[in-house]
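Please find below a colleague's note on the model, set out as numbered points. The points go from the overall fold to helix pairs and then to single residues.

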Amino acid sequence: MRSGNPTLSEKTFQNIDSTTSTSEGAMTVSGTINKTGMLFLVLLIGATISWYQPSQLFIWGGAIGGFILAMVTIFKKEWSPFTAPAYAGLEGLFLGGISVMYEAAYSGIVYNAILLTLGVFAAMLIAYRSGWINVTQKFRTGVMAATGGIFLVYIASFVLSFFGINISLIHGNGLMGIGFSLIIVGVAALNLALDFDMIEKGAEARAPKYFEWYTSFGLMITLVWLYIEMLRLLSKIQQR
C-alpha cells in the first residue's frame, strides 16, 4: 500500500492500534468523504477571505503555516482532527492570495483552473471506481518515481534561482515548458488514484476513526498541488 503522496505511504496503516479502532469507531469511506467535504469548505472560506482581502501576510503565512502543520500532521497522525482543518484554512489563505495574482495577470484563469481541477478530480474518481484504473504495485511505483523526479526538479530550480539561473523547462512558455506542465498535471492526477486506493485500504484495515481526517488531509494536499499546477499550465498557454 504505497502512494506518491508523502502523507499516505505503505507504513500509514501499519501498527494500527485495534483497541483504539474498537473504542472510538473504525474509519469508513463515507466518513472520509464527509471529512473531505468539511476540509474543502474550510479551504474555500480561507480562500474567500484572502481573495477579497489580498495580503502578502496571507500568502506567506498560509504557505509557511500550512507547511508546518502538514509536517506536524504527518508525524502526529492522531492530531489530524485538529491540524487538518487548520491546514485547510491556511492553504485556503495561500491559494486565495496567489489566485488574485494570477487573475490580475491573466483574466479568467482562476475560473478555468478551478473547473479543470474539479473536472480532473471527478474523472479520476469515476475511472478509479469503474475499474478503468487498476492500482497495481507497478502503477504505484511508477507514479511514486515520477512524483519524486518532479520534486527533485523543483528543488534544483529553487537552488539554482539563487544563482540567477532559471530552468526554462519549468518556467518557459514554449512547447517544452507547456509539455512539462502537462506531464506534472498528469502525475498529480494519477496521485489522486493512489489516494483513493489508500482510503479504501484504510477502511478495509479498520483504521482508527481519526484516519478519516488524516486521509482527507492527504487527499487535500494532492488537490492543492493539482490546482497550482493548473494555474501554471494555463498561464503558460496564455503567454503564447
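1. Helices here are DSSP runs of H or I with at least four residues, numbered from the N terminus. On that basis T36 has its place in helix α2. The model is a predicted one, and the remarks below should be read accordingly.

2. Overall content. The protein has 9 helices and 0 strands. Read from the N terminus, its elements run α-α-α-α-α-α-α-α-α. Of the 240 residues, 45% are buried. The accessible surface comes to about 12100 Å², and 70% of that surface belongs to carbon and sulfur atoms.

3. Contact range. Taking contacts between residues at least 6 apart in sequence, 85% join residues at least 24 apart. One pair to look at in this connection is A86 and L39: they are separated by 47 residues in sequence, while their C-alpha atoms are 8.9 Å apart. A86 lies in helix α4, which covers residues 80-105. L39 is among the α2 residues that meet α9. A86 is partly exposed, its relative accessible area being 33%.

4. How the helix pairs are described. Two packed helices are described by the angle between their axes and the distance between the axes. Three pairs are treated in this way in the next points.

5. α2 with α9. The axes of α2 and helix α9 (residues 211-239) come within 8 Å and cross at roughly 50°. Since angles of 65 to 115 degrees count as roughly perpendicular and those under 35 as roughly parallel, the two helices are therefore oblique to each other. Their crossing is right-handed. On the α2 side the contact is made by G31, T32, K35, T36, M38, L39, F40 and L43, and on the α9 side by E212, W213, T215, S216, F217, L219, M220 and V224. By class, these residues divide into 9 nonpolar, 5 polar and 2 charged.

6. Two threonines in that contact. What is the relative accessible area of T32? The value is 2%, so T32 is buried. T32 belongs to helix α2, which spans residues 29-52. Apart from neighbours within four places in sequence, T32 is in contact with M27, I199, E212, T215 and S216. T36 also counts as buried, at 14% relative accessibility, because the cut-off for buried is under 20%. With neighbours within four places again left aside, the contacts of T36 are S216, L219 and M220. S216 is thus listed for T32 and for T36.

7. α5 with α8. Helix α5 (residues 109-129) and α8 have axes that come within 9 Å and cross at roughly 50°. These helices are therefore oblique to each other. α5 passes α8 in a right-handed crossing. From α5, V120, F121, M124, L125, Y128 and R129 take part; they meet A189, L190, L192, A193, F196, D197 and E200 of α8. The residues of this contact divide into 10 nonpolar, no polar and 3 charged.

8. α6 with α8. Helix α6 (residues 137-161) packs on helix α8 (residues 175-204) at an angle of about 130°, with the axes 10 Å apart. This pair is therefore oblique too. The crossing of α6 and α8 is left-handed. The α6 residues in the contact are F139, R140, V143, A146, T147, I150, V153 and Y154, and those of α8 are F180, I184, V187, L190, N191, A193, L194, D197 and K201. The contact has 12 nonpolar, 2 polar and 3 charged residues. L190, A193 and D197 of α8 appear in the contact with α6 and also in the contact with α5.

9. Backbone at R206. Most residues other than glycine have a negative phi. Which value does phi of R206 take? Phi of R206 is near 55°, a positive value in a residue other than glycine. R206 is found in the loop between α8 and α9. With a relative accessibility of 52%, R206 counts as exposed, since exposed means over 50%.

Note on methods
Residues numbered from 1 in each chain as written. Predicted model: local features only at pLDDT ≥ 70, side-chain atom pairs only at ≥ 80, totals over all residues. Heavy atoms only, no water. Buried < 20%, exposed > 50% of the residue type's maximum accessible area, 1.4 Å probe, protein only. Contact = heavy atoms within 4.5 Å. Axes fitted to C-alpha atoms, helices over the stretch in contact; angles between N-to-C directions. Parallel < 35°, antiparallel > 145°, perpendicular 65-115°, else oblique. Left-handed = near helix turned anticlockwise from the far one by under 90°. Nonpolar A, V, L, I, M, F, W, Y, C, P; charged D, E, K, R; others polar. Areas by Shrake-Rupley, 256 points an atom, 1.4 Å probe, with all protein chains shown as cover.
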